[in-house]
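Visitor: I would love a close look at a single part of this structure, the place where metal ions are held. Could you take me through it slowly and then show me how it sits within the rest?

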Amino acid sequence: MAADTERQEISVIDSSLLEFCPKDVAMMWLQATDLPKEVYKHLAYYVPKIYCTGPNPSILDDNLIVQHVLLGPLEWYLCGEDPGLGFPKLEQANKSSDLCGRVFKVGEPTYSCRDCAVDPTCVLCMDCFLGSIHQGHRYRMTTSGGGGFCDCGDAEAWRKGIHCQKHDPGMSGTAEEDPLSHLSEDMIARTYNIVAIMFKYAVDMLIWEKESELPLGLEPLDKGDTYYCMLFNDEVHTYEQVILTLKKAVNCTHKEAVGYATAVDREGRRAVRCGDYQFCEQAKSVIMRTPGRQTKPLKVQVMHSSVVAHQCFSLRLLTWLSQVIGYSDGLRRIVCQVGLQEGQEGENSSLVDTLMLNDSKLWKGARNVYHQLFMSSLLMDMKYKKLFAVRFTENYQQLQRDFMEDDHERLVSVTGLSVQLFTVPTLARMLVMDHDLMSIIIRTFMDHLKCKDAHGRFQFERYTTAQAFKFRRVQSLIGDLKYILISKPPEWTDKSRQKFLEGFENFLELLKCMQGMDPVTRQVGQHIEMEPEWEAAFTLQMKLTHVISMIQEWCASDELVLIEAYKKCLNVLIQCHSGFADGEQPITLSMCGHSVDTIRYCVSQEKVSIHLPVSRLLAGLHALLSKTEVAYKYPELLPLSELSPPMLIEHPLRCLVLSAQVHAGMWRRNGFSLVNQVYYYHNVKCRVEMFDKDLTMLQAGASMMDPNHFLMILLSRFELYQLFSIPEYGKKFAAEAANKDIVQQNNILIEEMLHLIIMIVGERFVPGVGQVSAADEIEREIIHQLCIRPMAHSELVKTLPEDENKETGMENVIERVASFKKPGLTGKGLYVLKPDCAKRFSLYFHHYSRAEQSKAEEGQRKLKRQNSSDTALPPPVPPPFCTLFASLVNILQSDVLLSILRTVLQWALEPNSYAWSESMLQRVLHLIGMALQEENQQMEINYEENGESFNFTQKVSRPGDAPENSPSILTMLETLQNTPSLEAHKEMIKWILKTFNTIKKLRERSPTSPLTEMDRNLMEENCTFKDKVERKRKAEIARLRREKIMAQMSEMQRHFINENKELFQQTLEEPDTSTSLLTDASSAVSNAALVALGPDQTKVTEKRQVVICILCQEEQDIKVDTRAMVLSSFVQRSTVMSKNRKRIIQDPENYDPLFMHPDLAYGTHTGSCGHTMHAQCWQRYFEAVLLKEQRRQHRTRGHTSYDVEHGEFLCPLCECISNAVVPLVPSPRILFSSDSQNSSEHSSLSRWLRSVSQLITSLHIFHEKNNKSDNQLANSPESKDVQLPDNFKTDINFKSIYSDSIKEMLTIFGLVVYKVGLKVNPNEQDPRVPILCWGTCAYTIQSIEQTLVDEDKPLFSHLPCRQEDCLASLTRFSAAHWTVSPLPVVQKHFVRLLAALVPDEKAEKSPCILDIDMFHLLVSLILAFPAVHCQDILGFSVHTGDLYLFHLVTMAHIVQILLTSLPENTMDQEISSTEEEVAVAALYNILRRHTKSALKERSSGWHLWHNLKAGILPFLRCSALFFHYLSGVPPPAELRVHGPNHFEHLCRYLSLPTNLIDLFRINSDATDPLIQRWCTITEIDSYLKNENIAISYPRELNRLIELPNDYSALINQASAFLCPKSGDKSRTPTLCLVCGATLCSQSYCCQTKLEGDDAGEDVGACTAHSFICGAGVGIFLRVRECQILLLAGKTKGCFYPPPYLDDYGETDQGLRRGNPLHLCRERYKKLEKLWQQHSITEEIGHAQEANQTLAGIDWQQL
Ligand SMILES: [Zn+2]
Ligand SMILES: [Zn+2]
Ligand SMILES: [Zn+2]
Ligand SMILES: [Zn+2]
Ligand SMILES: [Zn+2]
Ligand SMILES: [Zn+2]
Ligand SMILES: [Zn+2]
């Protein structure tokens, strides 16, 4: 209580404040001798007075008093005149800025240009983008995370298109000028004075740490006992914890607590209690005591109100400064000057330094405000930006240290400003050259990674959580390093070389700590106990990948730098090697007469590490030496002689062997961490600076070695040396190996080793290694990806390494190698490899995984087979090596390799020699192929030398040395060609032999004369000619074989038919067994005569109808007295056709649904998948589902796609979501047709009406009597007076004709419709049950009719089977339902329904005819009528009743349409001429008379008739469908197709005159009084006077909202959206596609309870909205994610691909790629149709069945 009274006291505003005059104060200040003192006095007096007036001191920011009393004098002083005049003057004098500098809000769209931006951090705001040239470029779009500003106008950010139209300085603005020159001396002095005081005041206050004292000069006169209990934000505690704590500590409601927590999260602090010191202290201690899982308590402080007041004003002041400097560059410069001026304490004491150095101590709100000021001042002034950058660099180490301890995100840390400074190329270069920035960053980084092992390498597994946290933070430094490396120096100087190389040395130090980290040793025997930590090291490697690549680019840009860097790198590598001597002993290897010394080392036994960044950097530099030709130009400057090739290859080779052994399964016991490491080693994210470089290093080393030596070392490291060096070793090994696994492992090792040799010789697509460009490399990569399968753009991007600008370079080359295939309605656009690129396919492409390799192989063979060429996949012709690597080709003809090849071929020839594998053989053949290609090429290049240096053909023709007389490789191949078990390799061997012969021929001819071009062409042609002949022969064989098979097949078929003749006969004769009933039942009846209702109804005989139960597969007749058959169906409430989404059923228990309003606000829709079952079978099935579900829920409490508690189940056949079953019954009007067709039918509407009203009177009496007989034993006087007429059957011994089983199902389905339609508990006794059954029939027909119109389909014949079955059974069910309802209930409904058209004083008041949907009324009347009719014996037949009821409702509808038809807006057509036009005009005039001319005068009968026809057509079409299913009369052929006289045919089928107005003429005696009555109800009047908006006809089909073509328009729109509850930026703005509302989804602030569900849980904004807008079904677009959200009920939902596609035909869910997105109308249409056809719930069901994780999402929170 105390708190409340205090609050009121405080909030009284001192009225003296209003009389305050800012001008007077400013004038006094101008005279003052000690200005600071005066100003402080002013602040000391007023600030606490104004700011400490309420429980929340920070909300006053926009307060007028603040402006008037506190800021007013400042502005007066500054301007020296009325600021209202002064500021505009300043603004005018100011040259308009050519920098945009707009600071981004969270969620605002930002644009970058991939063609022109210097780096991806250069962005534009939407306005600038739209006015820039980049619109037509390849731009990227993202949503800002907040912070950062628009770079428009920054010459260093853009290569082209620096300015948008708005910020274009034009001709004049290029010259640099002093911004102060626009200001007067006086003004400069004044501004300087006041800014200096105020800026210092603000900074002092923000960093003030005392809780109840103030700086000198600010002490308040009267320091009262008012305090605030201030709660601060941290990133440790969750929302829930804070809310819980606050509820306890300050006794607030949940809602208040949520408010506090939100504010703390947003502002960084919030006063949660205000009062005397004790009172606040008490709250503080409770908050501090509250235990949480965290060790740290929440930060809370009790502060004196005056301290809080001054801090609040300080923030306002800084914001004010940001605004004021917007008026003038001069003011901005002064603020910058003041900010950077050194203070009294000397170095680092400027205000800017002070703020930066205190950053981590400030709360979020304060940081945001001063960062904003920095951005709008220091960063917008080029001169001071530079000075600021220097200050930032000087403080860098300290700032980073603070950031490590700070628990706020980088977004609100001052360190985040680095992106604004370091990405500016000139600044970055200046900082690197003059301020050692590169070294500072790397050293700071190293400082924070202290944990190292004995060798000085990083050791991450020892990290504590705190260190791990730090490690995450420290990674942002790598980002900074990346920024400064983005732009290479345009020219090098001695100084810049020196500075860069210093930085490079520091960088090498870092890499040195990584070289050999996380070593592993193979585990034998036991599996490792704990997976070792490996992610940290890989994270570091991944983050550094781009930096390493960029440093290499820097090196490559200057020859001297490259040479020095190479030397330094080599030095460090040598140091590393001296570090790890693993007790390696020297050994000698010898083979084929060659021998080499190496060390004994086994990867499988000793330590090995996958991290070798120093080796890899050297490999990269080595390739660059070759690429830049430095190696050839300055060999004397390079330490090439110091290189020890065996030393260079040692560690990379170990790493590759490790990878091979892991593949071979030798390291299984080392667990998943190693498997993961090897995976990443090859992965696209790491491979550029890992696997690829290891390969390059092997190539570099091997090129400097004797190939035989190299191969022997290779064999030795693969632990295969013995196998290949000792003859017969293999045989022995295979025989002796106890374990088959060992042999298997060995085989894989051999395969891997052969693969490695293939790669070392064959991979030449690195610039510098082979004579290729970077584009060639990408091109080859793409070709090989597309050889696996066609791929979408995004998939392809993922397989290519990205550079630091997130570019792959793919766009430049893709057109050359692939063609684009556009997507259809689903799926993505795909790139398909161009056919002529297939020949560049290499089966052993180094980036293929084994799985990819086999897929590609399969695909390529298939392709070749389709082109009916041979299926050999020979190696492609490679580009030549660069000189430095040229000697690598000699590996192919080295003795050791030939020996290896020979050995494998030998194994293949002798089946029992060794357990060799086909993969091995395949690789050997590939190697031979490569050698032949090489020889062929060498001869072409230098045929004068006759390719003497490379003569593979000669070597393979020679017989082997050992064993004696072993055949030559060539002979072996020839033998293998005919080995039947090697069928798969036959084509390849054939290709080899053929190529061999070609080369041989070339060699034979060349000594005399080099082969001429013509010869060669001839040869090739010969080849192809032979191929052609061969192909033709093969095709012929294939054709013959096909024919033979066909012949066999048809023979078999004949047999089958003969054997099963009877069966076939049956199927031909048997009637259609589908449930589609009565199609063409009576083709004998001529179409013209087809009439669906009334006494003239076409007579049809019920056809036998048979359906099959999907559960027991038995057939069943549909009859009235058999076991019930049911149709699986789904009933849902719907607002799809609603014309008024604001209408809500407030009180479902007492809601009267008898009359449907024409706005169709709520309906009940029934849909079905069309599958039928026995009722019994279904019941058993459903019980089983229930049981299963109960059991399941005990185990796991998750949601499923269906909710059994609401009776939901999945159709047993198609898994479509269902919640009810419709019983199948025969057409009711056929059943009744026999009863009274004979009675005198020549009657009139008036006679029939009289008779009906008589009947109704009797009913009234009868019911009264019955009621009374129940209550008072029939002794009332009236009841004796009135006698019931004779023809009234009092003893209705009405007996249902339906079997019990059918009756049960009628009742059950009726109840479901009632329950779902009204959202109430089932109640069999409720009189509204039949109403809802009729309602769902009418609503479903209307809904289907609308979609047919929309799709422009004729009424009949185009319904899908399932809809047709559903409508038929639904109509018949509704017609039969009255038989299971209490007769009096249905009769009462009929009486009330009829009273709406025909007055009946005994009935309750009925609505006016403009408030009734006539089709609903018709259906209800027709379906209720039999219940009345059955008590009448002398009157008319049911058919007569149908007809007159139909005519009556039709006339009412005509009146309705005419009353609401909109006036014509065009010139009159010619005067009414046709009979219809005259008649309708006459009728209209009658209506005008009745409405006392409230109806506007209309002269054009043509127009009226036109309106009427259009307006009534939907009603007639719905009626046609309805009566068709009711009576079983087939529709005339004309209604099944599009045709001109649709209207006339409809009228005939419905027994209506074509001139509808004739209805009134024929029945004038009955209708005249009715019309008058219809028009004179008071409600009509208010409609006509436009007090109520009436629905006009035809009602149009509802559509989803219009979406903009460009997605960024939506993002922009959403970024402006504020949460309606908190007034904040919404984190997940979500658009309702049904009504266009934007919602604040997935957020605490907007959770609510559902209407009428006060006990339930809180639900998110989307769920809540879907219940109002879509009766529980919702279609939303999550704007920031670009994702469609479908919701149904509280528990069901799924995501759905958005209708926005990029240029590559792909969606971008989550906006991760940022390509421009455009609306795909077809896809949006598809989504719309899903909604219009009530299939959203079904779609969700299918999605949830397909993806079980969807069921686990808490959809109602969204
Ligand atoms: Zn801009
Ligand atoms: Zn601009
Ligand atoms: Zn551009
Ligand atoms: Zn069955
Ligand atoms: Zn189904
Ligand atoms: Zn909506
Ligand atoms: Zn909200």
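Guide: Gladly; here is a walk through the zinc sites, followed by a few other parts of the chain.

Please keep in mind that this is a predicted model. The chain has 1758 residues, 57% of which count as buried. It holds 64 helices and 23 strands. Among contacts between residues at least 6 apart in sequence, 76% join residues at least 24 apart.

Let us begin with the zinc ion (ligand 1). Its protein donors are four cysteine sulfurs, the SG atoms of Cys100, Cys125, Cys128 and Cys150, and they lie 2.2 to 2.4 Å from the ion. The angles among these four donor atoms run from 98 to 124°, and the site is tetrahedral. Along the chain, the donors follow the spacing C-x24-C-x2-C-x21-C. Distant parts of the chain are linked here by the pair Cys100 and Cys128, which are 28 residues apart. Cys100 belongs to the loop between α5 (83–93) and β1 (109–113), whereas Cys128 is in helix α6 (residues 126–130). Both of these cysteines are buried.

Cys128 has a further role in the geometry, for it coordinates both the zinc ion (ligand 1) and the zinc ion (ligand 2), and the two ions are 4.2 Å apart. Around the zinc ion (ligand 2), the protein donors are Cys128 (SG), Cys152 (SG), Cys164 (SG) and His167 (ND1), at 1.9 to 2.3 Å. This set therefore pairs the shared cysteine with two other cysteines and a histidine nitrogen. Because the four donor atoms subtend angles of 101 to 115°, the arrangement is tetrahedral. For comparison, the ideal angle for four tetrahedral donors is 109.5 degrees. In sequence, the donors of the zinc ion (ligand 2) are spaced C-x23-C-x11-C-x2-H. Two of them can be placed by their accessibility: Cys164 counts as buried because its relative accessibility is 4%, under the 20% cut-off. His167 is buried too, with a relative accessible area of 8%.

Further along the chain, the zinc ion (ligand 5) offers another site to set beside this pair. Cys1169 (SG), His1171 (ND1), Cys1211 (SG) and Cys1214 (SG) coordinate this ion, at 1.9 to 2.3 Å. Angles of 107 to 114° among the four donor atoms go with a tetrahedral site. The donor residues are spaced C-x1-H-x39-C-x2-C in sequence. One of the donors, Cys1169, is buried, and its relative accessible area is 10%.

Now for the wider surroundings, starting with Gly72. This glycine is in helix α4 (residues 64–79), and it is buried, with a relative accessible area of 7%. Leaving aside neighbours within four places in sequence, Gly72 is in contact with Pro22 and Gln67. From Gly72 to Asp82 there are ten residues in sequence, and the C-alpha atoms are 9.4 Å apart.

Helix α8 (residues 239–249) comes next, and its buried residues are Gln241, Val242, Ile243, Thr245, Leu246 and Ala249. What covers them includes β3 (227–232), α9 (254–267), β4 (269–275) and α10 (277–289). After α8 comes Asn251, which has a positive phi, near 60°.

Helix α19 (residues 437–447) is largely enclosed by the rest of the structure, because nine of its eleven residues are buried. These are Leu437, Met438, Ser439, Ile440, Ile441, Ile442, Thr444, Phe445 and Met446.

Finally, there is the empty space inside. A search of the whole structure finds 19 cavities of 30 Å³ or more, and the largest has a volume of about 130 Å³. Its lining consists of 14 residues, and those nearest its centre are Glu763, Phe765, Val766, Glu777 and His846. Helices α28 (691–703) and α33 (774–788) each supply at least two residues of that lining, with α28 giving the largest share, four residues. By class, the lining has four nonpolar, four polar and six charged residues.

To return to your request, the point to look for on screen is Cys128, which coordinates both the zinc ion (ligand 2) and the zinc ion (ligand 1).

Conventions: Residues numbered from 1 in each chain as written. Chains lettered and ligands numbered in written order. Predicted model: local features only at pLDDT ≥ 70, side-chain atom pairs only at ≥ 80, totals over all residues. Heavy atoms only, no water. Buried < 20%, exposed > 50% of the residue type's maximum accessible area, 1.4 Å probe, protein only. Contact = heavy atoms within 4.5 Å. 1 Å grid on protein atoms, 1.4 Å probe; cavity = no way out; pocket = protein on both sides within 12 Å on 5 of 7 lines; lining within 4 Å. Points joined across faces, edges and corners; volume = space filled by probe spheres on them. Nonpolar A, V, L, I, M, F, W, Y, C, P; charged D, E, K, R; others polar. Donors = N, O, S within 2.8 Å, 3.2 Å for Na, K, Ca; no water. Tetrahedral: all angles 85-135°; square planar, octahedral: opposite > 155°, others 65-115°.
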